[in-house]
Amino acid sequence: MGDAVRLHPQREVAELLRTDNGWRAVDATGTVIAEAPLAILANGHLARRFAVSAMLPLRPVRGQITCIPAEPGRTIKAVVSREGYITPATSFGVHVVGATYEEGSTDELAREDDHRANLARLKHLLPDFAATVDAAHLAGRAGIRSVGPD
């Protein structure tokens, strides 16, 4: 990481304070974690929790992908995208289909209903590609995007 960057594992910044020389990150007890001339906020929508950045127009959006098993006869060579997408089979033997877009949600658990929604998107892209796939038996992952105004 170099001399200018130091990792502080297992420490949570409770507040970011402006100083004469830059920025000070403190924990919940007020103990200084780090000081630097520059602070980079790389925590998505959670950047708004600091007083100095509370005005940023960021909001969370939950998105879920669905993984469907690759099978002989069910192949594509390029990503297909239009109001959803599907990838060619990954090295893990699955096609990735996505993705949901749920404003305001921060739940990161995969949901069967969202698998169904992703399969519906896929049906519009490639109608017969996954006609026999059952949403109840699929894997996937949900994550939180940070979005702002365009």
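How many bridges join β4 to strand β8 (residues 102–103), and in which sense do the two strands run? There are 2 bridges, and the strands run antiparallel. One facing pair is Val61 and Glu103, the latter in β8. This comes from a predicted model.

## The whole chain

The protein has 1 helix and 9 strands. Along the sequence the order is β-β-β-β-β-β-β-β-α-β. The radius of gyration is 21 Å, well over the 15 Å that the globule rule gives for 150 residues, so the protein is more spread out than a compact globule. Its C-alpha atoms fill a box of roughly 65 × 30 × 30 Å along the principal axes. Of the 150 residues, 30% count as buried. Now take contacts between residues at least 6 apart in sequence: 57% of them join residues at least 24 apart.

## The open sheet

Strands of a sheet pair through backbone hydrogen bonds, either parallel or antiparallel. Here 3 strands make an open sheet, ordered β1-β2-β3, with antiparallel pairing. β1 (15–19) and β3 (32–36) are the edge strands, and each pairs on one side only. Neighbouring strands in this sheet are turned by 20° against each other on average, with direction ignored. Between β2 (residues 22–26) and β3 there are 4 bridges. One bridge links Trp23 with Ala36 of β3.

## Strand β4 and its partners

β4 (59–69) deserves its own look. This strand is mostly covered, with 8 of its 11 residues buried. The table lists pairings of β4.

| Partner of β4 | Bridges | Sense | A facing pair |
|---|---|---|---|
| β9 | 9 bridges | antiparallel | Pro60 and Ser146 |
| β8 | 2 bridges | antiparallel | Val61 and Glu103 |
| β7 | 4 bridges | antiparallel | Cys67 and Val96 |

Which strand holds Val94? Val94 lies in β7. Leaving out residues up to four places away in sequence, Val94 touches Cys67, Ile68, Pro69, Ala70, Pro88 and Ala89. Val94 and Ala139 are 45 residues apart along the chain, and their C-alpha atoms are separated by 9.7 Å.

## The helix

Does the length of the helix fit its residue count, or what span should we expect? Helix α1 (residues 112–125) has 14 residues, which at 1.5 Å a residue should span 20 Å; its end C-alpha atoms are 20 Å apart, which agrees. Which residues of α1 are buried? They are Asp114, His115, Asn118, Leu119, Leu122 and Leu125. These residues cover an arc of only 145° around the axis, which puts them on the same side of α1. A general rule helps here. An α-helix has 3.6 residues a turn, so residues three or four places apart point the same way.

The face turned away from the buried side of α1 carries the exposed residues Asp113, Lys123 and His124. What do the buried residues of α1 pack against? They pack against β4 (59–69), β5 (80–81), β6 (85–86), β7 (94–98) and β9 (139–147). Among these strands, β4 pairs with β9 over 9 bridges, and β4 pairs with β7 over 4 bridges.

Methods
Residues are numbered from 1 along each chain as its sequence is written. This is a predicted model: local features need pLDDT of at least 70, side-chain atom pairs count only at pLDDT 80 or more; totals for chains, interfaces and linings use all residues. Side-chain values use heavy atoms; hydrogens and water are left out. Two strands pair if DSSP finds at least two bridges between them. Axes are lines fitted to C-alpha atoms, for helices over the stretch in contact, and angles run from 0 to 180 degrees between N-to-C directions. The expected span of a helix is 1.5 Å times one less than its number of residues. Buried means under 20% relative accessible area, exposed over 50%, partly exposed in between (1.4 Å probe, protein chains only). The arc is that of the directions from the helix axis to the C-beta atoms. Contact means heavy atoms within 4.5 Å. The radius of gyration is taken over C-alpha atoms; the globule rule is 2.2 Å times the number of residues to the power 0.38.
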